[in-house]
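Student: I've just opened this one and I'd like to talk it through with you. Can we start from the labels and ask what backs each of them up?

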Amino acid sequence: MDPSEVEFLAEKEFVKIIPNFSLDKIYLIGGDLGPFNPGLSVDVPVWLALNLKQRQKCRILPPEWMDVEKLEEIRELERKEDTFTPAPSPYYMELTKLLLNHASDNIPKADEIRTLVKDIWDTRVAKLRLSADSFIRQQEAHAQLDNLTLMEINTIREFLLDSLNCMYKLRSNLQPGATKGQFADY
Amino acid sequence: MDTPSYFPVPPGVGMEDNFLSLDDILLSQERLPVRTECVFPRLGFLEKSSDSQDIQEGTKMELPLWLCKGLYEKKRKVLSVELPKIYKEGWRTVFTADPNVVDLHKMGPYYYGLGSQMLHFDSPENPDIAKTLLQTFIGRFRRTMDSSQNAYNEDTSVLVGRLDFLEKVLFKSGQSGLNGFQGWEKGQAAQLTASSLVLNYRKRKIVDIQS
């Protein structure tokens with residue numbers, strides 16, 4: 001999967017905006033949005049929020065977790081725990097990038113948030129690698145990926161799957177005759 | 001993203017090889033030390049060291065893997081295959097001690113592939129070879145993963161230089177994950193680029209068409 005596809009999925013997340021125009025409810029396949037009233041906050045998907053923001057029709061309210069204190073807390077917890085702690089949002093990396101790139105004037109302390117999220121990401125990816133290594137080392141057959149986000153899985157997916165394939169084949173060497181009769185078609 | 005104009009067939013790795021995999025074809029050319037168990041009449045020209053017309057019984061020579069696999073039979077002994085030295089006891093001890101120090105590219109470069117293929121030939125050491133192959137892979141996994149996931153935008157030839165062919169394929173897939181993410185983070189994914197097919201396409205000259 002391409003990271004831009006993951007970003008596309010993240011754009012379906014809801015975010016609060018304060019519009020400065022009025023519009024009746026709009027009916028879309030994905031659900032009804034609105035009504036929009038100037039000054040009243042309303043939930044819309046990120047793709048719409050960014051579009052409205054670019055046309056200067058709204059102000060984006062950052063999600064609750066996008067706050068320096070909360071992120072600092074999460075970062076400390078993430079560093080202390082050996083296992084993965086629940087991510088602030090299943091799309092925290094993508095949302096941070098999208099919102100900070102397009103609406104950094106609506107988010108207080110944007111730079112600090114960027115650094116914090118990057119710290120959290122780095123800690124989590126380091127943990128991911130550590131657990132992938134112990135997964136291979138102990139020759140486990142399955143692993144539980146609690147609290148991992150799609151983007152994190154996506155960066156390591158190809159490599160890990162290929163390695164597991166190789167390991168499986170090398171392991172099936174141990175029982176000769178077990179793999180006979182498996183032909184791949186091309 | 002960059003899509004190649006064709007998709008390479010991955011190597012088979014295990015005892016079965018992939019007929020269409022380029023790596024497996026190259027692997028089948030690896031030479032193995034063999035000892036003939038019967039006379040090969042009129043094939044003396046294959047063996048340059050002696051002048052006789054036939055290859056005598058008990059000659060030691062090197063044959064490519066594909067030929068060994070074809071000639072080898074359990075019931076009628078035509079030839080016996082000896083282990084290349086990296087699969088012998090001495091080297092196996094080295095791999096058990098620390099697989100990371102070995103330059104598998106120099107020793108192989110098809111260490112895992114050839115090792116798995118060696119299991120076709122009956123030998124009492126087969127289970128040990130299979131075990132060492134797996135342990136070596138596991139032992140070297142961390143290095144391959146870390147280097148492939150951290151080397152962004154730098155010269156990777158030093159990192160790749162000591163890897164086996166199989167590990168190189170893994171390294172490449174690790175790099176594609178890293179490059180994809182870094183490119184996205186920098187916003188390169190949002191830029192539209194021309195397909196490499198279009199860029200490489202050259203206009204045909206009128207002379208070429210006429211001739």
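**What backs up the labels**

Tutor: Let's start with a record: an unreviewed UniProt entry places "domain: GINS subunit" on residues 89–185 of chain B. Keep in mind that the model itself is predicted.

Student: What makes up residues 89–185 of chain B, in helix and strand?

Tutor: That span is 74% helix and 0% strand, with its end C-alpha atoms 49 Å apart. Chain A has an annotation too: UniProt lists "domain: GINS subunit" (unreviewed entry) for residues 65–167 of chain A. There the figures are 69% helix and 0% strand, and the end C-alpha atoms lie 40 Å apart.

Student: And which part of chain B does the PSF3 N-terminal annotation cover?

Tutor: Residues 21–72 of chain B, which an unreviewed UniProt entry labels "domain: DNA replication complex GINS protein PSF3 N-terminal". This stretch is 25% helix and 21% strand, and its end C-alpha atoms are 23 Å apart.

Student: Why is the pair A:Asp119 and A:Arg75 called a salt bridge?

Tutor: Set the value against the cut-off. The closest N and O atoms of A:Asp119 and A:Arg75 are 3.0 Å apart, and the rule asks for a Lys or Arg side-chain nitrogen within 4 Å of an Asp or Glu carboxyl oxygen, so the pair qualifies. A:Asp119 sits in helix α5 of chain A and A:Arg75 in helix α3 (residues 68–80) of chain A, so the salt bridge ties together parts 44 residues apart in sequence. Over all chains, the count comes to 19 salt bridges.

Student: How do you know that A:Lys118 and B:Glu185 meet in a salt bridge?

Tutor: By the same kind of reasoning. Their N to O distance is 3.2 Å, and the limit is 4 Å, so this pair passes as well. The rule finds two salt bridges across the interface of chain A and chain B, along with seven residue pairs in polar contact, both residues at pLDDT 80 or more.

Student: Which elements make up chain A's side of that interface?

Tutor: The elements giving two or more residues are α1 (3–10), α4 (92–103), α5 (110–137) and α6 (150–172) of chain A. The most comes from α6(A), with 13 residues. By type, chain A's side has 16 nonpolar, six polar and 13 charged residues.

Student: How many residues does each chain bring, and how much area do they bury?

Tutor: Chain A brings 35 residues to the contact and chain B brings 44. Between them they bury about 3,500 Å², with 68% of it on carbon and sulfur atoms.

Student: What are the domains of chain B?

Tutor: The assignment gives domain 1 (12–82) and domain 2 (84–186). Their C-alpha centres lie 26 Å apart.

Student: How do you know that domain 1 and domain 2 of chain B are in contact?

Tutor: Contact needs heavy atoms within 4.5 Å, and by that test 18 residues of domain 1 and 17 residues of domain 2 take part. The area buried between these domains of chain B is about 1,600 Å², and carbon and sulfur atoms give 69% of that. On the domain 1 side, B:Val13, B:Met15 and B:Leu27 lose the most area, together 33% of what that side buries.

Student: What does the salt bridge rule find between the two domains of chain B?

Tutor: Zero salt bridges. There are two residue pairs in polar contact between domain 1 and domain 2 of chain B, though. Domain 1's touching side divides into 10 nonpolar, one polar and seven charged residues.

Technical notes. Residues numbered from 1 in each chain as written. Chains lettered and ligands numbered in written order. Predicted model: local features only at pLDDT ≥ 70, side-chain atom pairs only at ≥ 80, totals over all residues. Heavy atoms only, no water. Domains from an automatic or database assignment. Buried area = accessible area lost by both parts, 1.4 Å probe. Polar contact = N/O pair within 3.5 Å; in protein donor to acceptor, adjacent residues only side chain to side chain. Nonpolar A, V, L, I, M, F, W, Y, C, P; charged D, E, K, R; others polar. Helix = DSSP H or I, 4+ residues; strand = E, 2+ residues; numbered from the N terminus. UniProt positions renumbered as here; feature names shortened; annotations may be inferred.
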